[in-house]
Amino acid sequence: MPSPNLNNILKRILKQPTAPFHEYHVRAEIEALLKDCPNVKLKRDKFGNLLATYRNGKSKSKPTWVFAAHMDHPGFVKPEGATKRDDWEFLGGVPQDSVDAGVAKGLRKAKGRIATWNFPVKITPSRIEATACDDLTGCAAIVMTFLELAKLNIQTTVHAVFTRAEEVGWLGAWHLAQKWPFGDDCVFLSIETSRPVNGAVMGGGPVIRVGDRMSIFDREAVAVLMTTAKEQAIRVQRCLLDAGACEATAVQAAGIRSAGISVTLGNYHNLDESRRIAPEYVMMDDVKSMINLLKALVATKHDGIGERTIRERVEMRMAEHAGHFEAGSKLFK
Ligand SMILES: [Zn+2]
């Protein structure tokens with residue numbers, strides 16, 4: 001069977017209904033896509049997060065990365081013991097008046113014990129539109145990266161985690177960080193979609209986040225991301241995306257080195273500019289560049305960051321300007 005292409009993967013994952021704590025359709029689809037992938041082993045942790053490790057030979061990138069995307073999206077769930085047909089609770093950060101207006105417009109569609117906004121997946125060469133680009137695009141990008149590594153028979157080791165219940169306070173990521181099933185040399189990398197702020201633009205390449213609303217991220221990890229993008233001529237943006245907080249904040253707070261990359265997102269959490277319920281969208285080029293960056297991170301060797309360290313730079317300058325230092329210093333009284 002030929003391996004699925006990016007459009008297939010996006011379509012298969014983005015069409016799955018999902019909500020906080022009800023990520024089973026998404027998880028099953030990711031498992032189906034990765035189960036026969038060479039060099040990939042799948043595992044579920046006690047919280048229900050899906051863990052995947054790609055291991056081919058003994059090589060590892062430095063650091064060894066743990067790519068992470070969340071499988072939920074703000075949506076309606078049926079509370080335990082609910083009996084009435086209309087007994088829904090909305091979980092995730094969306095203003096209640098917008099939710100109510102969306103329901104009144106008939107945009108809600110139920111499936112079992114969850115209900116989501118009923119928008120179709122639309123994929124064109126330039127754009128991806130769906131109910132839950134956040135963060136099913138991130139899930140799809142990681143799946144595509146793993147399939148490509150296998151197809152190219154790349155010798156490396158990389159982990160991935162597909163988490164539950166991010167939208168209600170990073171619960172899956174928190175569980176992962178408490179148990180941390182990966183090595184001490186591993187760095188957690190949140191793969192997200194985010195509202196463009198502070199100069200970030202849609203279509204300008206994936207954003208290497210220096211931080212989010214609550215934390216700043218590991219400076220060495222951010223440097224490796226920037227250097228890798230530069231070496232591979234991948235267009236990226238480097239910004240503080242502080243319109244929200246991502247799983248890197250939770251995992252870092254638990255003591256694990258963390259960083260984040262985001263694809264900029266239109267209609268964040270299904271709100272258009274007038275706060276009406278609408279499909280989310282991302283730009284295809286941003287997603288493709290992010291996949292290229294993820295591949296480059298694990299497939300190329302970085303001994304250090306491939307550039308002079310800050311210490312080396314300052315020491316070189318000190319040596320270079322020793323004469324000026326002497327000359328000027330003599331004139332201090
Ligand atoms: Zn998200």
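Guide: Buried means under 20% relative accessible area, exposed over 50%, and partly exposed in between (1.4 Å probe, protein chains only). Strand β12 (residues 207-211) is mostly covered, because four of its five residues come in under that 20%. This is a predicted model: local features need pLDDT of at least 70, side-chain atom pairs count only at pLDDT 80 or more, and totals for chains, interfaces and linings use all residues. Residues are numbered from 1 along each chain as its sequence is written, while side-chain values use heavy atoms and leave out hydrogens and water.

Visitor: What makes a stretch a helix or a strand, and how many of each does the protein have?

Guide: Helices (H or I, at least four residues) and strands (E, at least two) are DSSP runs, numbered from the N terminus. By that count the protein has 10 helices and 15 strands.

Visitor: Why is the protein called compact?

Guide: The radius of gyration, taken over C-alpha atoms, is set against the globule rule, 2.2 Å times the number of residues to the power 0.38. For 333 residues the rule gives 20 Å, and the protein comes out close to that at 22 Å, so it is as compact as a globular protein of that length. Along the principal axes, the C-alpha atoms fill a box of roughly 85 × 50 × 40 Å. As for burial, 53% of the 333 residues make the cut.

Visitor: How do you know which atoms are donors of the zinc ion?

Guide: Donors are N, O and S atoms within 2.8 Å of the metal (3.2 Å for Na, K and Ca); water is not among the atoms, so sites may look incomplete. Here His70 (NE2), Asp134 (OD) and Glu192 (OE), the last listed twice, lie 2.0 to 2.6 Å from the zinc ion, so they pass the 2.8 Å limit. Along the chain their spacing reads H-x63-D-x57-E. Aspartate 134 in helix α4 (residues 133-151) and glutamate 192 in strand β11 (residues 186-194) are 58 residues apart, a pair that links distant parts of the chain. Both aspartate 134 and glutamate 192 are buried.

Visitor: And why is the site called irregular?

Guide: Four donors count as tetrahedral if all angles lie between 85 and 135 degrees; four count as square planar and six as octahedral if opposite donors are over 155 degrees apart and all others between 65 and 115; anything else is irregular. The four donor atoms of the zinc ion make angles of 53 to 146°, so the tetrahedral range is broken at both ends and no pair gets over 155: irregular it is.

Visitor: What makes two strands a pair, β12 and β13 for instance?

Guide: DSSP has to find at least two bridges between them. β12 and strand β13 (residues 237-240) have four, running parallel, so they qualify. Among the partners, valine 207 bridges to glutamine 237, and glycine 211 stands opposite leucine 240. Seven bridges join β11 to strand β14 (residues 258-264), also in parallel.

Visitor: Why are β1 and β13 called edge strands?

Guide: The open sheet of eight strands has the order β1-β2-β10-β3-β11-β14-β12-β13, with mixed pairing. β1 (40-44) and β13 each pair on one side only, which is what the label says. From one strand to the next, the twist averages 25°.

Visitor: What about β8 and β15 in the three-stranded sheet?

Guide: That open sheet has the order β8-β9-β15, paired antiparallel. β8 (122-123) and β15 (280-283) each have a single partner strand, so one side of each is left without a neighbour in the sheet. β8 and strand β9 (residues 127-130) share two antiparallel bridges, so they just meet the minimum.

Visitor: How do you know that α8 lies across strands of both sheets?

Guide: Contact means heavy atoms within 4.5 Å; axes are lines fitted to C-alpha atoms, for helices over the stretch in contact, with angles from 0 to 180 degrees between N-to-C directions. Helix α8 (residues 284-299) lies across β8, β9 and β15, at about 60° to β15. In the eight-stranded sheet, α8 crosses β3, β10, β11, β12 and β14, at about 155° to β14.
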